[in-house]
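User: I would like to learn how to read a protein model step by step. Could you walk me through it with me asking as we go?

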Amino acid sequence: MIPRGFEYFAPRSLDEAISLLQKLGPEVKILSGGQSLIPMMKLRLASPQSIIDINRIPALDYISELDGALKIGALARESDLENSPLIKSRCPILVDTTIVIADPLIRNQATVCGNLAHGDPANDHPATMLALGAVIVATGPGGVREIPIESFFTGLFSTALEPEEILTEIRIPAPPPSSGGAYLKLERKVGDYATAGVAVQVILRAG
Ligand SMILES: Cc1cc2nc3c(=O)[nH]c(=O)nc-3n(C[C@H](O)[C@H](O)[C@H](O)COP(=O)(O)OP(=O)(O)OC[C@H]3O[C@@H](n4cnc5c(N)ncnc54)[C@H](O)[C@@H]3O)c2cc1C
């Protein structure tokens, strides 16, 4: 199907994106990877009046380790996670998780932050981020706030993000030595959404 008409904005900075969110009001959607939003618009399950495409804000595209945390910016794709030497060595449970999401074409576009912002309980990252004790960084007109992952998901397709906020970063406490984890999902066929997803992260202390 063809989506309803909408206005399209492509800001070049985070400040510009947030000003647009304030100006355009509640009938606006952020577009990151588009792998959930576009299908929903085509099915007319979502019909936003405006779309703010954040893909032209290069400052949001990073995976790094700083101040004791692994940081995943809003434009880091699933494939970036899959191919990141830092993630492979420091937090391989994230690779376990990303490689069971859909297929390589989708993983080249879909973002990790979008996976959480969408609030779909059949998505794969929520369980893993809960196991890792991640912190969600939300940026809005009032500045930056941190939301512990335990209080981020508020229901089906709903999160603690305010309408004028953008999920700008996922912060994961850097796993200490002698720690490890795994993610497994029950799926109807390879690449499907999770019927159930289970993540475990274990830290050994003093042996
Ligand atoms: C065929 C198919 C199979 C799939 N299989 C799986 C699967 O097995 N497991 C799985 O986990 N996922 C699966 N997905 C979903 C995919 O991982 C999505 O891409 C992901 O859920 C959303 O990420 P996105 O970057 O594409 O977000 P988008 O589609 O751009 O956005 C999704 C929603 O989140 C909001 N949003 C996005 N980014 C932000 C942000 N930074 N700040 C605030 N709001 C934001 C948007 O406004 C929108 O409401 C599949 C998708 C398809 C099309």
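User: Is Asp 67 buried or exposed?

Analyst: This is a predicted model, so keep that in mind throughout. The general idea is to count neighbours: a residue is exposed if 12 or fewer other C-beta atoms lie within 10 Å of its own, and buried if there are 20 or more. Asp 67 has 7 other C-beta atoms within 10 Å, so Asp 67 is exposed. You will find Asp 67 in the loop between S4 and S5.

User: What is the value of phi at Asp 67?

Analyst: Phi of Asp 67 is near 50 degrees, a positive value in a residue other than glycine. Ala 102 is another case, with phi near 45 degrees. Ala 102 sits in the loop between H5 and helix H6 (104-109). Ala 102 counts as partly exposed, because 17 C-beta neighbours lie inside 10 Å. A glycine with positive phi can be found too: Gly 133, which follows H8, has phi near 65 degrees.

User: You mentioned H8. How many of the residues of helix H8 are buried?

Analyst: With helices, a useful general idea is that an α-helix has 3.6 residues a turn, so residues three or four places apart point the same way. In helix H8 (residues 125-132), 6 of the 8 residues are buried, so the helix is largely enclosed by the rest of the structure. Those buried residues are His 125, Pro 126, Ala 127, Thr 128, Met 129 and Leu 132.

User: Which elements do the buried residues of H8 pack against?

Analyst: They pack against two helices, helix H5 (93-98) and H7, and against strand S8 (153-155), S10, strand S11 (179-186) and strand S12 (196-203).

User: S10 is on that list. How many of the residues of S10 are buried?

Analyst: S10 is mostly covered, with 7 of its 8 residues buried. To read a strand, look at burial and then at its partners. Strand S10 (residues 166-173) runs antiparallel to S6, and 5 bridges join them. On another pairing, 5 bridges join S10 to strand S5 (residues 69-73), again antiparallel. In that pairing, Ala 69 stands opposite Pro 173.

User: Which strand pairs with S6 through 6 bridges?

Analyst: That is strand S7 (residues 143-148), which runs antiparallel to strand S6 (residues 135-140). A hairpin of 2 residues links S6 to S7. Thr 139 is a good residue for tracing both pairings: Thr 139 stands opposite Val 144 in S7, and the bridge partner of Thr 139 in S10 is Ile 166.

User: Which residues touch the most other members of the largest nonpolar core?

Analyst: For a core, look for buried nonpolar residues that are joined to one another. The largest nonpolar core has 40 residues, and Ile 54, Cys 113, Leu 116, Ile 136, Leu 167 and Ile 170 touch the most other members. Take Ile 54: leaving aside neighbours within four places in sequence, its contacts include Ala 17, Ile 30, Leu 60 and Ile 166.

User: Where does Asn 55 lie?

Analyst: Asn 55 lies in the loop between strand S3 (50-53) and strand S4 (63-66). Asn 55 is partly exposed, because 17 other C-beta atoms lie within 10 Å. Residues far apart along a chain can also be brought together: Asn 55 and Ala 10 are 45 residues apart along the chain, and their C-alpha atoms are separated by 7.5 Å.

User: Which residues come nearest to the ligand?

Analyst: Of the 29 residues around the ligand, Gly 33, Gln 35, Ala 110, Gly 114 and Asn 123 come nearest. When reading such a shell, ask which elements supply it and what kinds of residue it holds. The largest share, 4 residues, comes from H7. Strand S2 (28-31), helix H2 (37-42), helix H7 (112-117) and S10 each supply at least two residues. The shell divides into 15 nonpolar, 10 polar and 4 charged residues.

User: And the whole chain: how many helices and strands does the chain have?

Analyst: The chain has 8 helices and 12 strands. For overall form, compare the radius of gyration with that expected of a compact globule: for 207 residues this would be near 17 Å, and the chain has 17 Å, which agrees. The C-alpha trace spans about 60 × 40 × 30 Å along its principal axes. Buried residues make up 36% of the chain.

Note on methods: Residues are numbered from 1 along each chain as its sequence is written. This is a predicted model: local features need pLDDT of at least 70, side-chain atom pairs count only at pLDDT 80 or more; totals for chains, interfaces and linings use all residues. A nonpolar core is a set of buried Ala, Val, Leu, Ile, Met, Phe, Trp, Tyr and Cys residues joined through C-beta atoms within 7 Å. Two residues are in contact if their C-beta atoms, placed from the backbone, lie within 7 Å. The radius of gyration is taken over C-alpha atoms; the globule rule is 2.2 Å times the number of residues to the power 0.38. Two strands pair if DSSP finds at least two bridges between them. A residue is near a molecule or strand if its C-beta atom, placed from the backbone, lies within 6 Å of it. Ala, Val, Leu, Ile, Met, Phe, Trp, Tyr, Cys and Pro count as nonpolar, Asp, Glu, Lys and Arg as charged, and the others, Gly among them, as polar.
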